[in-house]
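Hello,

Here is the structure I promised to pass on. Please open it first, then read the notes below.

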Amino acid sequence: MWAQREQRDLLATMRAAGPEAPTLCEGWLTRHLAAHLYLRGHRPWALARGADAATDELADTLTGADAYERVLADFAGRGPGLSGLPALPLVGARLDDTANHLEYLVHHEDVRRGGDAPAGPRELDAAQERAIWDSVVQLGRLAYRRAPVGVVLLWPGGRRAQVRRDSDSVVLVGAPVEQALWAFGRRDHADIRLEGEAHSVARMQDWARGV
């Protein structure tokens with residue numbers, strides 16, 4: 001359910017932005033993101049053979065508004081790939097959310113926050129925020145498995161989850177969308193505050209920057 005809603009919102013934002021708008025994905029305009037989303041959902045085997053080349057090749061054909069719109073319309077359809085999981089029955093909807101909700105959410109923010117005048121945080125349904133949080137906690141166990149310190153996620157006024165245990169821990173404080181962006185590597189564009197001992201915070205910051 002949430003993946004479908006986020007997909008609709010992402011499509012509306014990408015249509016409004018057009019094919020040449022900047023994104024948070026380094027080197028990608030919106031046409032590159034459109035190509036990635038289409039290939040992921042409809043031709044995942046092309047990405048497996050060479051994701052960058054396949055994305056660039058398709059993106060080069062999307063400079064015109066008509067071609068860009070056609071690929072967005074195809075992306076909106078249910079294909080055989082990761083975005084083609086059945087919406088019904090309920091099990092299918094849950095699989096769709098697991099595979100696609102955070103993917104669409106983060107790419108939506110890639111468009112909204114790209115460029116010189118980034119949009120601010122959206123007001124989301126409370127139930128969707130809880131769904132994002134639950135997914136981020138699951139993702140965090142993988143995303144932070146190599147972190148140099150323990151990692152605790154804290155949603156102010158909401159929930160707390162330890163996703164990596166260690167003798168020293170850092171707390172990542174932020175709303176669910178910001179937590180998703182930080183976990184997906186958009187760390188310069190996520191409103192996340194690190195709390196903990198100064199040396200632990202410094203180690204986490206260095207790790208996050210790839211130092």
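A question to start with: is W45 buried, partly exposed or exposed? The model is a predicted one, so take the reply as a computed value. W45 has a relative accessibility of 45% and counts as partly exposed. To find W45, go to helix 3, residues 44-59. L58 is 13 residues further along in sequence. The C-alpha atoms of W45 and L58 are 14 Å apart.

Now try N100. N100 sits in helix 5. N100 has a relative accessible area of 0%, so it is buried. G41 is 59 residues away from N100 in sequence. In space, their C-alpha atoms are 9.7 Å apart.

**Confidence**

The average pLDDT of the chain is 90. A score of at least 70 is reached by 91% of the residues. One stretch needs care. Residues 84-93 have a pLDDT below 50. In the model this stretch makes 15 contacts beyond near neighbours in sequence. Where pLDDT is low, predicted coordinates should not be read in detail.

**Overall fold**

The chain has 8 helices and 4 strands. Their order along the sequence is α-α-α-α-α-α-β-β-β-α-β-α. The radius of gyration is 18 Å, and the globule rule gives 17 Å for 211 residues, so the chain is as compact as a globular protein of that length. The C-alpha trace spans about 55 × 40 × 35 Å along its principal axes.

Of the 211 residues, 47% count as buried. The accessible surface is about 10,500 Å². Carbon and sulfur atoms account for 51% of that surface. Contacts also reach across the sequence. Take the contacts between residues at least 6 apart: 57% of them join residues at least 24 apart.

**Nonpolar cores**

The largest nonpolar core holds 28 residues. Those with the most contacts inside this core are Y144, V151, L153, L172, W182, L194 and M204. Several elements give two or more residues to this core:

- Among the helices are helix 5 (90-112), helix 6 (126-143), helix 7 (176-183) and helix 8 (198-208).
- Among the strands are strand 1 (150-154), strand 2 (160-164) and strand 3 (169-173).

Helix 7 gives the most, with 5 residues.

L153 is a good residue to click on. Leaving out residues up to four places away in sequence, L153 touches W133, V136, V137, Y144, R159, R160, A161, V163, L172 and Q179. Another core lies apart from the largest one. This other core has 25 residues, including M14, A46, L47 and Y104.

**Salt bridges**

There are 14 salt bridges in the structure. Start with E6 and R122. Their side chains meet in a salt bridge, 2.9 Å from N to O. E6 lies in helix 1 (residues 2-17) and R122 in the loop between helix 5 and helix 6, so this pair ties together parts that are 116 residues apart in sequence. E6 is buried, with a relative accessible area of 0%. R122 counts as partly exposed, at 22% relative accessibility.

Which other side chain does R122 meet in a salt bridge, besides E6? It is E109, again at 2.9 Å from N to O. E109 is in helix 5, and R122 is in the loop between helix 5 and helix 6, 13 residues apart. E109 is buried too, with a relative accessible area of 1%.

R193 and E195 form another salt bridge. The closest N and O atoms of this pair are 2.8 Å apart. R193 is partly exposed, with a relative accessible area of 47%. E195 is also partly exposed, at 32% relative accessibility.

One more point on salt bridges. Those that share partners join E6, E109, R112, R113, R122 and E178 into one network.

**Where to look**

Go to L153 for the largest core. Go to R122 for the salt bridges with E6 and E109. Treat residues 84-93 with care, as their pLDDT is below 50.

Best wishes

Notes: Residues are numbered from 1 along each chain as its sequence is written. This is a predicted model: local features need pLDDT of at least 70, side-chain atom pairs count only at pLDDT 80 or more; totals for chains, interfaces and linings use all residues. Side-chain values use heavy atoms; hydrogens and water are left out. A nonpolar core is a set of buried Ala, Val, Leu, Ile, Met, Phe, Trp, Tyr and Cys residues joined through side-chain atoms within 4.5 Å. Buried means under 20% relative accessible area, exposed over 50%, partly exposed in between (1.4 Å probe, protein chains only). Contact means heavy atoms within 4.5 Å. A salt bridge is a side-chain nitrogen of Lys or Arg within 4 Å of a carboxyl oxygen of Asp or Glu. The radius of gyration is taken over C-alpha atoms; the globule rule is 2.2 Å times the number of residues to the power 0.38. Accessible areas come from the Shrake-Rupley method with a 1.4 Å probe; for residues, only the protein chains shown count as cover. pLDDT is the predictor's confidence in each residue, from 0 to 100.
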